[in-house]
Amino acid sequence: MELINISNLFYKYHKTDVLENINLSIKNDDFLAIIGPNGGGKSTLLKLILGLLTPQEGKIEKKIKNNQVGYVPQNTNLNIDFPITAIEIVLMGHVSSQKKLFGYSKQDVACAMASLAKVSMAEFANSKIGDLSGGQRQRVFIARALCSNPKIMLLDEPTASIDVKGQREIYELLKELNSSICIVVVSHDISVLLNYAKNVAHINKNLVYHSLENLEKNINTQNEHLCEVELLSALGKSHICCEHTH
Ligand SMILES: Nc1ncnc2c1ncn2[C@@H]1O[C@H](COP(=O)(O)OP(=O)(O)OP(=O)(O)O)[C@@H](O)[C@H]1O
C-alpha cells in the first residue's frame with residue numbers, strides 16, 4: 001500500500017532551486033535510504049514530507065494522518081548535560097488521550113516504558129541521557145518516535161557519530177521495526193545502511209531511484225569504507241557521480 005506519493009515537486013529557497021521535479025512513491029513496507037551530497041536537498045525533502053515546508057509546485061499526497069508519521073531528528077544540537085532521563089525524553093513524544101495539566105498519567109508512563117522495551121532500553125529508563133552511549137541515546141529517540149504508533153518513521157542521520165558496531169545495532173533495530181513500520185533514513189553513512197535498505201533515493205536537486213532488492217549484490221557492502229561513488233557506479237549510474245564534482 002502506498003503511504004506517500006510525491007509528484008512533480010519543486011522547491012526553492014528565495015530564488016535558488018533546491019529540489020526539481022521530484023517524483024517518489026513510498027510504500028508501507030519500504031525501507032528507503034535517502035542519500036546524496038551535502039546541500040543536495042535531503043533535509044528539505046524530509047521537511048516537505050513532514051509538512052514543515054509546503055511545495056511551491058507539485059504535490060505530496062499522504063494516505064496517513066500527520067500523527068502517524070514518526071520523526072527522529074538529527075541530534076547534533078542535543079545538550080547532553082541537561083539533566084533529563086530516558087523515560088522523560090520518550091514521554092515528550094507521547095500524545096496522551098487523557099489531558100493532564102501537570103505530570104503524566106499511568107497509561108502515559110506505561111506506553112513510554114513499552115516503547116523503551118521495543119528498543120531494548122527499558123532498563124535505562126531512569127538513566128540520565130548524558131550517561132548513555134551515542135547508540136543508546138539514539139534508541140531513546142527512536143522510542144520517543146514510536147510512542148505515537150507511527151506507520152512511517154523518518155530518521156535524519158540516525159547513525160552520525162556512532163561507530164560501525166553501533167550503526168549495525170541501530171539498523172538491526174530498524175529492520176525489526178520495518179516488519180510493521182515503513183522506515184525512511186537520510187544518511188551519509190551508506191556502507192552499513194545499504195545492507196538493510198530495500199530502495200535508494202539519491203538526491204542532488206533531482207532524484208534518481210534505485211531498487212536494491214533486485215540488484216545483484218556486485219558490491220561489497222560489508223566494506224566500511226564504501227563510498228557513494230562506488231555504489232553509484234556499481235548501480236550503473238556513474239553519470240550521477242559527475243554531479244558531485246560540480
Ligand atoms: N532555510 C534555508 N534558507 C535558505 N537556504 C536553505 C535553507 N535550508 C537549506 N538551504 C539550502 O538548500 C540546499 C539544500 O539543503 P538541505 O539541508 O536540504 O541539504 P542536505 O542534502 O540535507 O544537506 P546535508 O547533507 O549537508 O545535511 C543547500 O544549498 C542549503 O544551503
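**Exercise 1. Is Tyr171 buried or exposed, judging by its C-beta neighbours inside 10 Å?**

*Solution.* Before starting, keep in mind that this is a predicted model.

Step 1: find the residue. Tyr171 sits in helix H5.

Step 2: count its surroundings. Inside 10 Å, Tyr171 has 24 C-beta neighbours. A residue is buried if 20 or more other C-beta atoms lie within that distance, so Tyr171 counts as buried.

Step 3: see who the partners are. With neighbours within four places in sequence left aside, Tyr171 is in contact with Val192, Leu193 and Tyr196. Take Val192 as a case: 21 residues separate it from Tyr171 in sequence, while their C-alpha atoms are 7.9 Å apart in space.

**Exercise 2. Work out how helices H4 and H5 lie relative to each other.**

*Solution.* Step 1: locate the pair. H4 covers residues 134–146 and H5 covers residues 164–177.

Step 2: look at the axes. They come within 9 Å and cross at roughly 20°. Angles under 35 degrees count as roughly parallel, and therefore H4 is roughly parallel to H5.

Step 3: add the handedness. The crossing of H4 and H5 is right-handed.

Step 4: list the residues that make the contact. H4 brings Gly134, Gly135, Gln138, Arg139 and Ile142, and H5 brings Gly166, Glu169, Ile170 and Leu173.

Step 5: sort them by class. The contact of H4 with H5 has three nonpolar, four polar and two charged residues.

**Exercise 3. Describe the shell of residues around the ligand.**

*Solution.* Step 1: name the members. Around the ligand are Tyr13, Val18, Gly36, Asn38, Gly39, Gly40, Gly41, Lys42, Ser43 and Thr44.

Step 2: ask which element gives the largest share. Helix H1, residues 42–50, does so with three residues.

Step 3: sort by class. Two residues of the shell are nonpolar, seven are polar and one is charged.

**Exercise 4. Follow Tyr11 through its contacts.**

*Solution.* Step 1: place Tyr11 in strand S1, residues 2–13.

Step 2: judge its burial. Tyr11 counts as buried because 22 C-beta neighbours fall inside 10 Å.

Step 3: collect its contacts. Not counting residues up to four places away in sequence, Tyr11 touches Val18, Leu19, Thr44, Leu48, Leu53, Pro55 and Gln56. Among them, Val18 and Thr44 also appear in the shell around the ligand.

Step 4: check one distance. Tyr11 and Leu53 are 42 residues apart in sequence and 9.2 Å apart, C-alpha to C-alpha.

**Exercise 5. Compare the settings of Glu157 and Lys205, two residues with a positive phi.**

*Solution.* Step 1: read the angles. Phi is about 50° at Glu157 and about 70° at Lys205. Glu157 is not a glycine, and neither is Lys205.

Step 2: place the two residues. The loop between strand S6 (152–156) and H5 holds Glu157, and the loop between strand S8 (199–204) and strand S9 (206–211) holds Lys205.

Step 3: compare burial. Glu157 is buried, with 20 other C-beta atoms within 10 Å, whereas Lys205 has 18 such neighbours and counts as partly exposed.

**Exercise 6. Set these details in the whole chain.**

*Solution.* Step 1: list the elements. The chain has eight helices and nine strands.

Step 2: turn to burial. Of its 246 residues, 38% count as buried.

Step 3: look at how contacts span the sequence. Of the chain's contacts between residues at least 6 apart in sequence, 70% join residues at least 24 apart.

Definitions and conventions. Residues are numbered from 1 along each chain as its sequence is written. This is a predicted model: local features need pLDDT of at least 70, side-chain atom pairs count only at pLDDT 80 or more; totals for chains, interfaces and linings use all residues. A residue is near a molecule or strand if its C-beta atom, placed from the backbone, lies within 6 Å of it. Helices (H or I, at least four residues) and strands (E, at least two) are DSSP runs, numbered from the N terminus. Ala, Val, Leu, Ile, Met, Phe, Trp, Tyr, Cys and Pro count as nonpolar, Asp, Glu, Lys and Arg as charged, and the others, Gly among them, as polar. Axes are lines fitted to C-alpha atoms, for helices over the stretch in contact, and angles run from 0 to 180 degrees between N-to-C directions. Angles under 35 degrees count as roughly parallel, over 145 as roughly antiparallel, 65 to 115 as roughly perpendicular and the rest as oblique. A crossing is left-handed if the near helix is turned anticlockwise from the far one by less than a right angle, and right-handed if clockwise. Two residues are in contact if their C-beta atoms, placed from the backbone, lie within 7 Å. A residue is buried if 20 or more other C-beta atoms lie within 10 Å of its own, exposed if 12 or fewer, and partly exposed in between; C-beta atoms are placed from the backbone.
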